[in-house]
Amino acid sequence: MSPRKIVRASVAFLIACIATTGASAQLPDWSGQWENVGATPSPDGGFYEPLDQVLKSMQWAPPNKPAAQATVDRVVAAQRQAIEAMRNGIDPGGAVTACTFGYPTIMIESPLMFEILPTPKETALIFSSREIRHVYTDGRTHAAEGDVWPTPWGDSIGHWEGETLVIDTVAVKSAFPGREGSAVIAFGGIEEGQMIAFLSPDAHFIERVRMLDKDHLEDRITIIDPANLTQPWQLTRTYQRVTQIHRMVYEDCEGEERNPIVDGKFTLTPAPAP
(Lines give C-alpha, C1' and ligand atoms only; values in the text may rest on other atoms or scores of the structure.)
Protein backbone atom coordinates (compact mmCIF):
# COMPACT_ATOMS: atom_id res chain seq x y z
CA MET A 1 0.00 0.00 0.00
CA SER A 2 1.36 3.42 -0.93
CA PRO A 3 2.08 6.01 1.79
CA ARG A 4 -0.80 8.16 0.47
CA LYS A 5 -3.26 5.24 0.72
CA ILE A 6 -1.99 4.44 4.22
CA VAL A 7 -2.65 8.04 5.31
CA ARG A 8 -6.14 7.98 3.76
CA ALA A 9 -6.96 4.69 5.49
CA SER A 10 -5.67 6.02 8.80
CA VAL A 11 -7.74 9.20 8.47
CA ALA A 12 -10.87 7.20 7.58
CA PHE A 13 -10.33 4.93 10.59
CA LEU A 14 -9.81 7.95 12.87
CA ILE A 15 -13.00 9.62 11.60
CA ALA A 16 -14.95 6.39 12.19
CA CYS A 17 -13.62 6.17 15.74
CA ILE A 18 -14.52 9.81 16.45
CA ALA A 19 -18.03 9.31 15.02
CA THR A 20 -18.55 6.19 17.13
CA THR A 21 -17.24 7.90 20.26
CA GLY A 22 -19.40 10.94 19.61
CA ALA A 23 -22.55 8.83 19.23
CA SER A 24 -21.87 7.05 22.50
CA ALA A 25 -21.05 10.31 24.29
CA GLN A 26 -24.46 11.74 23.38
CA LEU A 27 -26.30 9.05 25.32
CA PRO A 28 -27.29 10.06 28.87
CA ASP A 29 -25.84 8.35 31.93
CA TRP A 30 -28.78 6.59 33.58
CA SER A 31 -26.63 4.11 35.49
CA GLY A 32 -27.71 2.74 38.85
CA GLN A 33 -30.96 1.21 40.06
CA TRP A 34 -34.38 2.90 39.94
CA GLU A 35 -37.75 2.30 41.61
CA ASN A 36 -41.27 3.72 41.28
CA VAL A 37 -42.24 6.79 43.31
CA GLY A 38 -45.69 6.64 44.96
CA ALA A 39 -45.92 2.90 45.59
CA THR A 40 -42.90 1.96 47.69
CA PRO A 41 -42.18 -1.75 48.20
CA SER A 42 -42.00 -2.79 51.85
CA PRO A 43 -39.98 -5.65 53.44
CA ASP A 44 -43.17 -7.67 54.09
CA GLY A 45 -43.69 -8.16 50.38
CA GLY A 46 -46.34 -5.45 49.96
CA PHE A 47 -46.26 -1.68 49.74
CA TYR A 48 -45.80 0.97 52.42
CA GLU A 49 -48.64 3.02 50.93
CA PRO A 50 -52.14 1.53 51.34
CA LEU A 51 -54.16 0.94 48.18
CA ASP A 52 -56.56 3.83 48.87
CA GLN A 53 -53.61 6.24 49.12
CA VAL A 54 -52.12 4.96 45.88
CA LEU A 55 -55.46 5.40 44.12
CA LYS A 56 -55.72 8.97 45.41
CA SER A 57 -52.17 10.21 44.95
CA MET A 58 -51.19 8.64 41.62
CA GLN A 59 -52.76 9.41 38.25
CA TRP A 60 -55.60 6.96 37.66
CA ALA A 61 -58.11 8.50 35.28
CA PRO A 62 -58.40 6.31 32.19
CA PRO A 63 -61.00 7.48 29.64
CA ASN A 64 -62.68 4.07 29.56
CA LYS A 65 -65.58 3.51 27.18
CA PRO A 66 -68.86 2.64 28.97
CA ALA A 67 -68.67 -1.07 28.11
CA ALA A 68 -65.03 -1.27 29.21
CA GLN A 69 -65.82 0.61 32.44
CA ALA A 70 -68.68 -1.79 33.20
CA THR A 71 -66.26 -4.71 32.92
CA VAL A 72 -63.74 -2.96 35.16
CA ASP A 73 -66.46 -2.18 37.73
CA ARG A 74 -67.46 -5.86 37.95
CA VAL A 75 -63.86 -6.89 38.53
CA VAL A 76 -63.26 -4.12 41.08
CA ALA A 77 -66.36 -5.17 43.07
CA ALA A 78 -64.97 -8.70 43.38
CA GLN A 79 -61.51 -7.38 44.26
CA ARG A 80 -62.88 -5.08 46.96
CA GLN A 81 -64.88 -7.93 48.46
CA ALA A 82 -61.75 -10.07 48.65
CA ILE A 83 -59.74 -7.21 50.21
CA GLU A 84 -62.36 -6.64 52.91
CA ALA A 85 -62.39 -10.36 53.70
CA MET A 86 -58.62 -10.26 54.25
CA ARG A 87 -58.79 -7.07 56.31
CA ASN A 88 -61.47 -8.60 58.56
CA GLY A 89 -59.63 -11.89 58.97
CA ILE A 90 -62.27 -13.90 57.10
CA ASP A 91 -59.78 -14.81 54.40
CA PRO A 92 -56.10 -15.14 55.40
CA GLY A 93 -55.05 -14.39 51.85
CA GLY A 94 -51.70 -15.76 50.83
CA ALA A 95 -48.73 -14.67 48.81
CA VAL A 96 -49.43 -14.72 45.09
CA THR A 97 -46.53 -15.97 43.01
CA ALA A 98 -46.06 -13.47 40.19
CA CYS A 99 -42.72 -13.73 38.44
CA THR A 100 -43.95 -11.70 35.48
CA PHE A 101 -45.58 -8.29 35.73
CA GLY A 102 -45.57 -7.50 32.03
CA TYR A 103 -46.06 -4.15 30.35
CA PRO A 104 -47.46 -1.59 31.06
CA THR A 105 -47.71 -2.54 34.77
CA ILE A 106 -43.94 -2.95 34.96
CA MET A 107 -43.57 0.80 34.25
CA ILE A 108 -46.80 2.21 35.70
CA GLU A 109 -46.67 0.59 39.12
CA SER A 110 -44.65 -2.38 40.30
CA PRO A 111 -42.41 -3.11 43.30
CA LEU A 112 -39.45 -3.83 41.05
CA MET A 113 -36.21 -1.94 40.75
CA PHE A 114 -34.60 -1.73 37.34
CA GLU A 115 -31.49 -0.68 35.45
CA ILE A 116 -31.26 1.07 32.07
CA LEU A 117 -28.44 0.25 29.67
CA PRO A 118 -28.49 2.65 26.69
CA THR A 119 -26.43 1.90 23.58
CA PRO A 120 -26.60 3.52 20.13
CA LYS A 121 -28.57 0.61 18.63
CA GLU A 122 -30.61 -0.66 21.60
CA THR A 123 -31.60 0.31 25.13
CA ALA A 124 -32.33 -2.47 27.61
CA LEU A 125 -34.46 -2.02 30.73
CA ILE A 126 -33.56 -4.83 33.13
CA PHE A 127 -35.87 -5.48 36.08
CA SER A 128 -35.30 -7.31 39.37
CA SER A 129 -37.91 -9.88 38.30
CA ARG A 130 -35.51 -10.83 35.46
CA GLU A 131 -37.87 -9.26 32.95
CA ILE A 132 -36.15 -7.29 30.18
CA ARG A 133 -37.55 -4.69 27.81
CA HIS A 134 -35.61 -4.37 24.55
CA VAL A 135 -36.00 -0.96 22.89
CA TYR A 136 -34.43 -0.99 19.43
CA THR A 137 -33.06 2.40 18.39
CA ASP A 138 -31.30 1.30 15.19
CA GLY A 139 -33.98 2.66 12.86
CA ARG A 140 -35.99 -0.52 12.43
CA THR A 141 -39.78 -0.52 12.31
CA HIS A 142 -42.23 -2.81 14.07
CA ALA A 143 -42.55 -6.30 12.65
CA ALA A 144 -44.96 -6.73 9.76
CA GLU A 145 -48.52 -7.67 10.73
CA GLY A 146 -48.05 -11.33 9.84
CA ASP A 147 -44.77 -11.51 11.79
CA VAL A 148 -45.92 -9.85 15.01
CA TRP A 149 -45.33 -12.05 18.06
CA PRO A 150 -47.26 -10.63 21.05
CA THR A 151 -45.53 -10.94 24.44
CA PRO A 152 -46.22 -9.56 27.94
CA TRP A 153 -43.62 -6.83 27.20
CA GLY A 154 -44.59 -6.05 23.62
CA ASP A 155 -42.46 -5.05 20.66
CA SER A 156 -40.60 -1.78 21.32
CA ILE A 157 -38.73 0.50 18.96
CA GLY A 158 -37.46 3.96 19.76
CA HIS A 159 -35.25 6.94 19.04
CA TRP A 160 -33.43 9.66 20.92
CA GLU A 161 -34.53 13.28 20.97
CA GLY A 162 -31.57 14.85 22.71
CA GLU A 163 -31.43 13.09 26.09
CA THR A 164 -35.06 11.92 25.92
CA LEU A 165 -35.73 8.32 24.89
CA VAL A 166 -38.96 7.99 22.89
CA ILE A 167 -40.36 4.44 22.99
CA ASP A 168 -43.09 3.07 20.71
CA THR A 169 -44.61 -0.24 21.88
CA VAL A 170 -47.21 -2.55 20.31
CA ALA A 171 -48.12 -6.26 20.43
CA VAL A 172 -48.65 -6.47 24.21
CA LYS A 173 -50.51 -9.49 25.57
CA SER A 174 -51.61 -10.37 29.09
CA ALA A 175 -49.03 -11.70 31.52
CA PHE A 176 -51.70 -14.18 32.63
CA PRO A 177 -52.18 -17.20 30.35
CA GLY A 178 -55.42 -17.46 28.44
CA ARG A 179 -56.23 -13.75 28.43
CA GLU A 180 -55.98 -11.26 25.60
CA GLY A 181 -54.91 -7.67 25.96
CA SER A 182 -53.40 -6.34 29.18
CA ALA A 183 -54.77 -5.10 32.48
CA VAL A 184 -53.64 -1.93 34.24
CA ILE A 185 -53.68 -2.60 37.99
CA ALA A 186 -53.02 -0.37 40.99
CA PHE A 187 -51.27 -2.00 43.96
CA GLY A 188 -50.99 -0.98 47.60
CA GLY A 189 -50.76 -2.36 51.12
CA ILE A 190 -50.32 -6.12 51.37
CA GLU A 191 -51.89 -8.20 48.59
CA GLU A 192 -54.23 -5.36 47.66
CA GLY A 193 -54.82 -4.61 44.00
CA GLN A 194 -57.50 -2.96 41.91
CA MET A 195 -58.03 -3.04 38.15
CA ILE A 196 -58.02 0.42 36.58
CA ALA A 197 -58.40 -0.42 32.91
CA PHE A 198 -58.26 -3.35 30.54
CA LEU A 199 -56.56 -2.70 27.22
CA SER A 200 -57.16 -4.50 23.95
CA PRO A 201 -54.46 -6.45 22.06
CA ASP A 202 -54.29 -3.50 19.63
CA ALA A 203 -53.30 -0.96 22.30
CA HIS A 204 -50.43 1.32 21.27
CA PHE A 205 -48.05 2.89 23.80
CA ILE A 206 -45.77 5.92 23.45
CA GLU A 207 -43.28 6.79 26.20
CA ARG A 208 -40.93 9.73 26.67
CA VAL A 209 -38.25 8.91 29.25
CA ARG A 210 -35.91 11.61 30.53
CA MET A 211 -33.84 12.48 33.59
CA LEU A 212 -35.30 15.20 35.82
CA ASP A 213 -32.23 15.43 38.07
CA LYS A 214 -29.46 13.10 39.21
CA ASP A 215 -31.85 11.10 41.40
CA HIS A 216 -35.09 11.09 39.38
CA LEU A 217 -36.28 9.76 36.02
CA GLU A 218 -39.61 10.63 34.40
CA ASP A 219 -41.70 8.54 32.02
CA ARG A 220 -44.55 10.29 30.20
CA ILE A 221 -46.83 7.56 28.87
CA THR A 222 -49.57 7.86 26.26
CA ILE A 223 -51.86 4.86 25.78
CA ILE A 224 -53.86 4.71 22.54
CA ASP A 225 -56.61 2.09 22.45
CA PRO A 226 -59.72 3.07 20.41
CA ALA A 227 -61.34 -0.28 21.27
CA ASN A 228 -61.57 0.48 25.00
CA LEU A 229 -60.68 4.17 25.46
CA THR A 230 -62.58 7.23 24.26
CA GLN A 231 -59.30 9.13 23.75
CA PRO A 232 -55.56 8.64 24.39
CA TRP A 233 -54.78 8.16 28.08
CA GLN A 234 -51.85 10.23 29.29
CA LEU A 235 -50.11 9.66 32.59
CA THR A 236 -46.69 10.30 34.11
CA ARG A 237 -44.55 8.16 36.37
CA THR A 238 -41.43 9.17 38.29
CA TYR A 239 -38.66 6.82 39.40
CA GLN A 240 -36.14 7.56 42.13
CA ARG A 241 -32.59 6.32 42.49
CA VAL A 242 -32.17 3.32 44.81
CA THR A 243 -29.56 4.22 47.43
CA GLN A 244 -29.61 1.33 49.90
CA ILE A 245 -28.51 -1.28 47.33
CA HIS A 246 -25.70 -0.74 44.81
CA ARG A 247 -26.14 -3.75 42.56
CA MET A 248 -29.04 -5.62 41.04
CA VAL A 249 -30.68 -8.07 43.46
CA TYR A 250 -33.02 -10.36 41.56
CA GLU A 251 -36.37 -11.39 43.00
CA ASP A 252 -36.91 -15.08 43.70
CA CYS A 253 -40.50 -16.26 43.56
CA GLU A 254 -39.74 -19.07 46.02
CA GLY A 255 -37.57 -16.97 48.31
CA GLU A 256 -33.90 -17.48 49.12
CA GLU A 257 -31.37 -16.66 51.84
CA ARG A 258 -29.12 -14.22 49.95
CA ASN A 259 -31.34 -11.15 50.51
CA PRO A 260 -32.96 -11.56 53.94
CA ILE A 261 -34.79 -8.83 55.80
CA VAL A 262 -32.92 -7.64 58.90
CA ASP A 263 -34.46 -5.00 61.20
CA GLY A 264 -37.10 -4.28 58.60
CA LYS A 265 -34.59 -3.57 55.81
CA PHE A 266 -33.43 -5.49 52.79
CA THR A 267 -29.85 -6.76 53.05
CA LEU A 268 -27.39 -8.66 50.90
CA THR A 269 -25.44 -11.48 52.55
CA PRO A 270 -22.66 -13.78 51.35
CA ALA A 271 -23.58 -17.18 50.03
CA PRO A 272 -23.81 -19.87 52.74
CA ALA A 273 -20.68 -21.96 53.31
CA PRO A 274 -20.69 -25.28 51.43
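## Glutamine 33 and its surroundings

The side chain of glutamine 33 makes a polar contact with the side chain of glutamate 115, at a distance of 2.4 Å, in what is a predicted model. In the chain, glutamine 33 lies in the loop between α1 (3-25) and β1 (34-36). Because its relative accessible area is 6%, under the 20% cut-off, glutamine 33 counts as buried.

Leaving aside residues up to four places away in sequence, the residues that glutamine 33 touches are Met113, Phe114, Glu115, Gln240, Arg241, Val242, Ile245, His246, Arg247 and Met248. Two members of this list come back later in the report: Gln240, which is touched by glutamine 33, is the bridge partner of histidine 216 in β11, and Arg241, also touched by glutamine 33, forms a salt bridge with aspartate 215.

## Strands β5 and β6

Strand β5 (residues 155-161) pairs with β6 in the antiparallel sense, over seven bridges, and within this pairing glutamate 161 has threonine 164 of β6 as its bridge partner. The two strands form a hairpin with two residues between them, and in that hairpin glycine 162 takes a positive phi near 65°.

How many of the seven residues of strand β6 are buried? Six of the residues in β6 (residues 164-170) are buried, so this strand is largely enclosed by the rest of the structure. Strand β6 is also joined to β9, by five bridges in an antiparallel arrangement, and here valine 166 stands opposite arginine 208 in β9.

## From β9 through β10 to β11

Strand β9 (residues 204-213) runs antiparallel to β10, and nine bridges join them; the two strands form a hairpin with two residues between them. Within β10, isoleucine 223 is the bridge partner of phenylalanine 205. On to the next pairing, β10 and strand β11 (residues 233-241) are antiparallel and are paired over eight bridges, with glutamine 240 in β11 serving as the bridge partner of histidine 216.

## Arginine 220 in β10

Arginine 220 is found in strand β10, which covers residues 216-224, and with a relative accessibility of 45% it counts as partly exposed. The contacts of arginine 220, not counting residues up to four places away in sequence, are with Ile206, Glu207, Arg208, Arg210, Leu235 and Thr236. Of these, Arg208 is the residue of β9 that valine 166 stands opposite. The C-alpha atoms of arginine 220 and threonine 238 are 8.7 Å apart in space, while the two residues are separated by 18 residues in sequence.

The side chain of arginine 220 also makes a polar contact with the side chain of glutamate 218, at 3.1 Å. Glutamate 218 is buried, with a relative accessible area of 8%, whereas arginine 220 is partly exposed.

## Salt bridges around the β9 to β10 loop

The count of salt bridges comes to eight. In one of them arginine 210 is paired with glutamate 218, with the closest N and O atoms 2.8 Å apart. Arginine 210 counts as partly exposed at 32% relative accessibility, while its partner glutamate 218 is buried at 8%.

In another salt bridge the side chains of lysine 214 and aspartate 215 meet, at 2.9 Å from N to O. Lysine 214 is exposed, with a relative accessible area of 59%, and aspartate 215 is partly exposed, with a relative accessibility of 26%. Aspartate 215 forms a further salt bridge with arginine 241, in which the closest N and O atoms are 3.2 Å apart. This pair links distant parts of the chain, with aspartate 215 in the loop between β9 and β10 and arginine 241 in strand β11, 26 residues apart. Arginine 241 counts as partly exposed, at 25% relative accessibility. Which residues are joined into one network by salt bridges that share partners? They are Arg210, Glu218 and Arg220.

Terms used: Residues numbered from 1 in each chain as written. Predicted model: local features only at pLDDT ≥ 70, side-chain atom pairs only at ≥ 80, totals over all residues. Heavy atoms only, no water. Helix = DSSP H or I, 4+ residues; strand = E, 2+ residues; numbered from the N terminus. Buried < 20%, exposed > 50% of the residue type's maximum accessible area, 1.4 Å probe, protein only. Polar contact = N/O pair within 3.5 Å; in protein donor to acceptor, adjacent residues only side chain to side chain. Contact = heavy atoms within 4.5 Å. Pairing = 2+ DSSP bridges. Salt bridge = Lys/Arg side-chain N within 4 Å of Asp/Glu carboxyl O.
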